[in-house]
Amino acid sequence: MTVCNEQINLEKLKKAEQIILELQAELKNYIAAGSGPFLAAIYDENDHLIAKTANSVVSENCSHNHAEMNAIKAAEKVLDTYDLSAHNLKLYVTAEPCIMCLGGIMWSGIKEVYYGVFSKRVEEITGFDEGFKPDWLNEFARRGIKVYGEIATEAGEKVLHEYVAAGRKVYKPER
Ligand SMILES: [Zn+2]
């Protein structure tokens, strides 16, 4: 069941399904190469790819190098600005952004967010902690950030199951 914080636009949703399915398929290569299990891509309003990055927490020893944060950082570098709002950018990501990435998205000026697997399912399948995000869809709507979620979840959950089955690292602090 798709989640959305504006009047649903089926054309946007269809495009997002296609992009997220491609990201899920591609994610398998990133996982094989040692990163994953999340992949994010940022496109401009003319659907040109600006940045595409997986998470690199383990390989770069940096707890905030989630896929979305890496993609935002790359886009800001490419466009040479800390404020992406004038570029009307869209972020597509294989799973719902965590608490940190919601902050990163909010302060970057990204205008639209499309995500795959719901956080609760990510936590159930992998054991990652996605944080607490009270009323974030409405908070984003209030700031003019459009969100569509739970897109192509079957393919997304399959990749996460494969990541776990392969015994790959669920990186998080010990508590
Ligand atoms: Zn995150």
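Here are a few exercises on this predicted model, each with a worked solution. Residues are numbered from 1 along each chain as its sequence is written. As the model is predicted, local features need pLDDT of at least 70 and side-chain atom pairs count only at pLDDT 80 or more, while totals for chains, interfaces and linings use all residues.

**Exercise 1.** Work out how many helices and strands the protein has, and in what pattern they come.

*Solution.* Start with the rule: helices (H or I, at least four residues) and strands (E, at least two) are DSSP runs, numbered from the N terminus. That gives 6 helices and 6 strands. Now read along the sequence, and you get β-α-β-β-α-β-α-β-α-α-β-α.

**Exercise 2.** Find out whether N55 is buried or exposed, and what it touches.

*Solution.* First, place it: N55 sits in the loop between β3 (49–54) and α2 (67–79). Next, the cut-offs: a residue is buried if 20 or more other C-beta atoms lie within 10 Å of its own, exposed if 12 or fewer, and partly exposed in between, with C-beta atoms placed from the backbone. N55 has 25 C-beta neighbours inside 10 Å, so it counts as buried. For contacts, the C-beta atoms of two residues must lie within 7 Å. Leaving out residues up to four places away in sequence, N55 touches S35, G36, F38, N65, H66, A67 and N70. Take N65: it is 10 residues from N55 in sequence, and their C-alpha atoms are 5.6 Å apart.

**Exercise 3.** Describe how α2 packs against α3 (residues 99–108).

*Solution.* Two packed helices are described by the angle between their axes and the distance between the axes. The axes are lines fitted to C-alpha atoms over the stretch in contact, and angles run from 0 to 180 degrees between N-to-C directions. Here the angle is about 20 degrees and the axes are 9 Å apart. That makes α2 roughly parallel to α3, as angles under 35 degrees count as roughly parallel, over 145 as roughly antiparallel, 65 to 115 as roughly perpendicular and the rest as oblique. Lastly, the residues: E68, M69 and I72 in α2 meet C101, G104, I105 and S108 in α3.

**Exercise 4.** In the loop between β6 (146–149) and α6 (153–165), look at the backbone and burial of E150.

*Solution.* Phi of E150 is near 60 degrees, a positive value in a residue other than glycine. Count the neighbours next: E150 has 16 other C-beta atoms within 10 Å, so it is partly exposed. A152 lies in that loop too. Its phi is also positive, near 50 degrees, but A152 is buried, with 21 other C-beta atoms within 10 Å.
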